[in-house]
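Please walk through this structure with attention to how its charged side chains pair and how its nonpolar interior is put together.

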Amino acid sequence: MGAIIAVIRREAIYLWYYFDIQLRQILPYWALGIVIGSVISVFGKDKIHKMLTVIQDKHLGIAGIVSAALLGIASPLCMYGTIPIAASFSQKGLRDDYLAAFMMCSVLLNPQLLIYSAALGRAALIIRFVSCFLCGITAGVLVRIFYKDKKFFNFTKFDVRKSRDTDPNMFMRLLKNIGRNIKATGPWFLIGVILSALFQRYVPAESFAGLFNNRGFGLLMVATIGVPLYVCGGGTIPLLQQWLASGMSMGAAASFMITGPSTKITNLGALKIVLGAKHFAIYIAFVIIFALAAGAVVNLII
């Protein structure tokens, strides 16, 4: 009995050690992301969305798709927050190609997630931004080409949620927004750190490297595990950090950073409502193909 207790105590010490290291490394990025995301949400969200209307009025063509993708990245909303905004824009006549670029980038990135991703290092941060940005542009261009004279989105069945940033005191509005962000992402962030500590302690780095560093099979594996594992962007950062340290190729990481948020269950539920079965299937196929292609290109470059 004493030997068992000694083993449990030893493993607890090891796990706490790995947990503490991960928490210290990533916590500042998570906290900064929360604050900046809330500041943008409270003070800059409406300005970002007004800029999207300006793009429509100027008839910028492909340049408008690029601008819409950038605004999607800058928008701090989750998919369920983005769709009501997109629905209102659609009612005002905003083109579906602009909406596709805006929504795709909103699914993949936001200011908070970019800051979280800085914990992965400069290379991973740049790859995440560029690959997700290009994914949004590509989605917009494809909708422009193949759905020029017909609608791709149908927002009539989506139930619009009311904004919760309604406190008349701007400081209190900001604090409440920060509190909601902490409540929404905090548990998943801690779960990610815990899983990362368990992975570091019990998964041999050599075995992992052999599985995910394979240039072809590794990409397919990552495209598959992105579905069940991706619940919160902040929660996956500790895992990605350990996976990269254990031998995951940067291309596989790029694929995960695309398929993960794109196939997040809550995002899929919202998108299914506004796309319908046929267009939803097209969306899934596009995400998988683009993720695999992006991963392959990154592996060739790096």
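Asp97 counts as buried, at 3% relative accessibility, where buried means under 20% relative accessible area, exposed over 50% and partly exposed in between, with a 1.4 Å probe and protein chains only. Asp97 forms a salt bridge with Arg95, their closest N and O atoms being 2.9 Å apart; the term requires a side-chain nitrogen of Lys or Arg within 4 Å of a carboxyl oxygen of Asp or Glu. Arg95 itself is partly exposed, at 34%, and salt bridges that share partners join Arg95, Asp97 and Arg144 into one network.

The model is predicted, so local features need pLDDT of at least 70 and side-chain atom pairs count only at pLDDT 80 or more, whereas totals for chains, interfaces and linings use all residues. Residues are numbered from 1 along each chain as its sequence is written, and side-chain values use heavy atoms, with hydrogens and water left out.

The structure holds 5 salt bridges, including one between Arg24 and Asp20 (2.9 Å, N to O). These two residues lie 4 residues apart in helix α1 (residues 2-58), which means that about one helical turn separates them; helices are DSSP runs of H or I, at least four residues, numbered from the N terminus.

The largest nonpolar core has 79 residues, and Met103, Phe153, Phe155 and Ile258 have the most contacts inside it; such a core is a set of buried Ala, Val, Leu, Ile, Met, Phe, Trp, Tyr and Cys residues joined through side-chain atoms within 4.5 Å. Helix α12 (residues 265-301) supplies the largest share of this core, 13 residues.
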